[in-house]
Structures are given as structure tokens and as C-alpha cells.
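Work through the exercises below with the sequence and the model at hand. Each task is followed by a solution in steps.

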Amino acid sequence: MNENVEEIQEETADLKENAKEYADAKRDQVRTQIEEKIEDLNEAMKELQEDGTEEAQQQKAKLEEMKEDLQTKLDNLGDKAGDAWDDFEGEVKKSLDEADQWIKEVTDEK
């Protein structure tokens, strides 16, 4: 009987470790996506800064807002687990997609 209990405890520990490794890998993946998008936003803002027009400055301000939003998400990345993680990951994906759209719009106009 003790052997069965020990086996179950070992299997449970293994499952917990696998779940933790998976969650860590997902966090690393999302962290990398956010960091890369922040870099893309920085590049687009740099191009707009060089433009100097009022429209370019307004676009730059919008990209700056997106960058701040992504930075906040990056800062809060470690605070999410379970269902909150799924919601958070969905929010991040939406923000990344929106940032992509804006970057394409402002860089295609040049």
C-alpha cells in the first residue's frame, strides 16, 4: 500500500513539474513576443520622429501608448496563473495584433 502512495506522490510531483515547465515556457514565449513588438514600435516611432509632421507626431503618440500598454503587460507577466493566464494571453495577443496593424499603417504611408 505504501508503495502505491509513494508512486502516486511521485507521479503527482512529476505532473506538477511538467506543468510548471510548460507555464514557464509559455511565459518566456509571450515575454519574447512582447519584447520584439516593443522593439518594432521603437523603430516605427523613430521613423515618425524623423518625419516631423503633425500627423506623424500623432501617430507616434498612439504607438507610444501601445508601447506603454505592452510594457505594463510585460511587467505583470509573472503575476498570472490558471484562468487569469488564459485571459492575459488573449489580451497580449490582441495588443500585439493591434500594434502590428498600426506599425504597418504608419510605415506604409512613408
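The exercises cover confidence, salt bridges, surface charge and pairs of residues.

This is a predicted model, in which local features need pLDDT of at least 70, side-chain atom pairs count only at pLDDT 80 or more, and totals for chains, interfaces and linings use all residues. Residues are numbered from 1 along each chain as its sequence is written, and side-chain values use heavy atoms, with hydrogens and water left out.

**Exercise 1. Confidence**

State the mean pLDDT of the chain, and find the helices where confidence is lowest and highest.

Solution. Start with the term: pLDDT is the predictor's confidence in each residue, from 0 to 100. For the chain, the mean is 87, and 97% of the residues reach 70 or more. Next, take the helices, which are DSSP runs (H or I, at least four residues) numbered from the N terminus. Confidence is lowest in helix α1 (residues 2-51), with a mean of 87, and highest in helix α2 (residues 54-75), with 93. As a rule for reading models, coordinates predicted where pLDDT is low should not be read in detail.

**Exercise 2. A salt bridge between α1 and α3**

Describe the pairing of Lys 37 with Asp 100, and say which network the two belong to.

Solution. The criterion comes first: a salt bridge is a side-chain nitrogen of Lys or Arg within 4 Å of a carboxyl oxygen of Asp or Glu. There are 8 salt bridges in the structure. In the one between Lys 37 and Asp 100, the closest N and O atoms are 2.4 Å apart. Lys 37 belongs to helix α1 and Asp 100 to helix α3, so the pair ties together parts that are 63 residues apart in sequence. For accessibility, buried means under 20% relative accessible area, exposed over 50%, and partly exposed in between (1.4 Å probe, protein chains only). Lys 37, at 10% relative accessibility, is buried, whereas Asp 100 is partly exposed at 28%. Finally, a network of salt bridges links Lys 37, Asp 40 and Asp 100.

**Exercise 3. Two salt bridges involving α2**

How far apart are the closest N and O atoms of Lys 62 and Glu 98, and of Asp 69 and Lys 73?

Solution. For Lys 62 and Glu 98, the N–O separation is 3.9 Å. Lys 62 lies in helix α2 and Glu 98 in helix α3, so this pair ties together parts 36 residues apart in sequence. Lys 62 is partly exposed, at 25% relative accessible area, and Glu 98 is partly exposed too, at 32%.

For Asp 69 and Lys 73, the closest N and O atoms are 2.9 Å apart. Asp 69 and Lys 73 are separated by about one helical turn, because they are 4 residues apart in helix α2. Asp 69 is partly exposed, at 31%, but Lys 73 is buried, at 11%.

**Exercise 4. Surface charge**

Which residues gather in a patch of negative charge on the surface?

Solution. Patches are made of residues with over 30% relative accessible area and no salt bridge, like charges being joined within 9 Å. Asp and Glu count as negative. The patch consists of Glu 3, Glu 6, Glu 7, Glu 10, Glu 11, Asp 14, Glu 17 and Glu 21. Of these, Asp 14 is placed in helix α1.

**Exercise 5. Sequence and space**

For Trp 85, Glu 43, Glu 68 and Lys 60, state the helix and accessibility, then compare a separation in sequence with one in space, C-alpha to C-alpha.

Solution. Take Trp 85, found in helix α3 (residues 82-108). Trp 85 is buried, at 9% relative accessibility. Its C-alpha is 9.8 Å from that of Lys 26, 59 residues apart along the chain.

Glu 43 is in helix α1 and is partly exposed, at 47%. Glu 43 and Ile 103 are 60 residues apart in sequence and 9.2 Å apart in space.

Glu 68 is in helix α2 and is partly exposed, at 46%. Between Glu 68 and Ile 38 there are 8.8 Å in space, with the two 30 residues apart in sequence.

Lys 60 is also in helix α2, partly exposed at 23%. Lys 60 and Asp 79 are 19 residues apart in sequence and 30 Å apart in space.

Key: Helix = DSSP H or I, 4+ residues; strand = E, 2+ residues; numbered from the N terminus. Patch = residues over 30% accessible without salt bridge, like charges linked within 9 Å, V, L, I, M, F, W, Y side chains within 5 Å. Areas by Shrake-Rupley, 256 points an atom, 1.4 Å probe, with all protein chains shown as cover. Charge placed at Lys NZ, Arg CZ, Asp CG, Glu CD.
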